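Reader: Got a minute to go through this model with me? I'd like to start with the helices.

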Amino acid sequence: MTTYSTKVLIIGSGAAGLTAAIYAARANLKPLLVAGLQPGGQLTLTTDVDNFPGFPEGVQGPELMEQMQAQAERVGAEVIYDIITEADLGKRPFRCVGDSGDVYEGETLIVATGATARWLGIPSETEYRGFGVSACATCDAFFFRGKDVAIIGGGNTAVEEAIFLTNHAKSVTLVHRRDALRAERVMQEHLFANPKIKVVWDSVPEEILGDGEPKAVNGLRVKNVKTGALTDIPAEGVFVAIGHTPNTQLFKGVLDTDAEGYLVTKPDSTATNVPGVFAAGDVQDRIFRQAVTAAGTGCMAAIEADHFLVAHGAEI
């Protein structure tokens, strides 16, 4: 067992965590970042990233995260591949234990553990993920200009993304398992008034249809939950909008969360209810969930951690 000590301990290696590491390292804080279960975060599951500033020709998600990590390490951050399984935030230094048995102590802690998209759980979804199947319309709608797409869900996120998709797609078919949407009434009114959107009620996805080589989606097979009838919907893109689960189980009962489990931070800040603990990225952002906004809050968290250390007399 090895014990690591640092002024700034970062949990999570997505855009938020790595940006926090870059800023903390440039402040000479020698941050230690524990990569977590999915090194690189959700962007490692994405192919083309066309909306991150600085890449006029776009960039592959894994490549973007590799470059972020290389930059963090170049300026002095240390990245360790481990998974935090225990966290004691009762006193400083905060103490975390990894799956390896190693102990990580931090005078400050930045939680950047992200959120996990909820998927349908059907094999074809996994097969075509990144090849026409997406969990983020805001991220990927641009790639479906002039095409027919389908979106699955019935809450606010699904309705918002269906409306957003009409800015790019030729048509949008929203598939919902019930005969009424859960979204707010005013949003439903906008949805039903949009001539590009069709709703398929009482239906659940059975299979995502596609071509093998080159791999691409060409349809969605749905089953009517009342009749059992199968219907194929032509679609070159399928968007899953059934929600996200923030990765906050480790801090349950210690860090404040909202009704959906996202960490609550103070206004205009990344500070949590525990002094010295900050939250950045999708773990505290239930609205935007973009790489660029995650990076922004990672920057904020590192600067606030630096200010906290100075205020508490830490030797920098």
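Author: Sure, here is a helix pair, then a sheet.

Author: This is a predicted model, where local features need pLDDT of at least 70, side-chain atom pairs count only at pLDDT 80 or more, and totals for chains, interfaces and linings use all residues. Residues are numbered from 1 along each chain as its sequence is written, and side-chain values use heavy atoms, with hydrogens and water left out.

Reader: How do helix 1 and helix 7 cross?

Author: The axes of helix 1 (residues 15–26) and helix 7 (residues 291–311) come within 7 Å and cross at roughly 40°. Helices here are DSSP runs of H or I with at least four residues, strands are runs of E with at least two, and both are numbered from the N terminus. Axes are lines fitted to C-alpha atoms, for helices over the stretch in contact, and angles run from 0 to 180 degrees between N-to-C directions.

Reader: Which residues make the contact?

Author: Among them are A16, A20 and Y23 of helix 1 and A295, G298 and A302 of helix 7; contact means heavy atoms within 4.5 Å.

Reader: Switching topic: in what order do the strands of the open sheet come?

Author: The order is 14-15-16, with antiparallel pairing. Strands pair if DSSP finds at least two bridges between them. Strand 14 and strand 16 (230–234) are at the edges with a single partner strand each, so one side of each has no neighbour in the sheet.

Reader: How many bridges join strand 15 to strand 16?

Author: Five, with strand 15 covering residues 216–224. K223 stands opposite L230 in strand 16.
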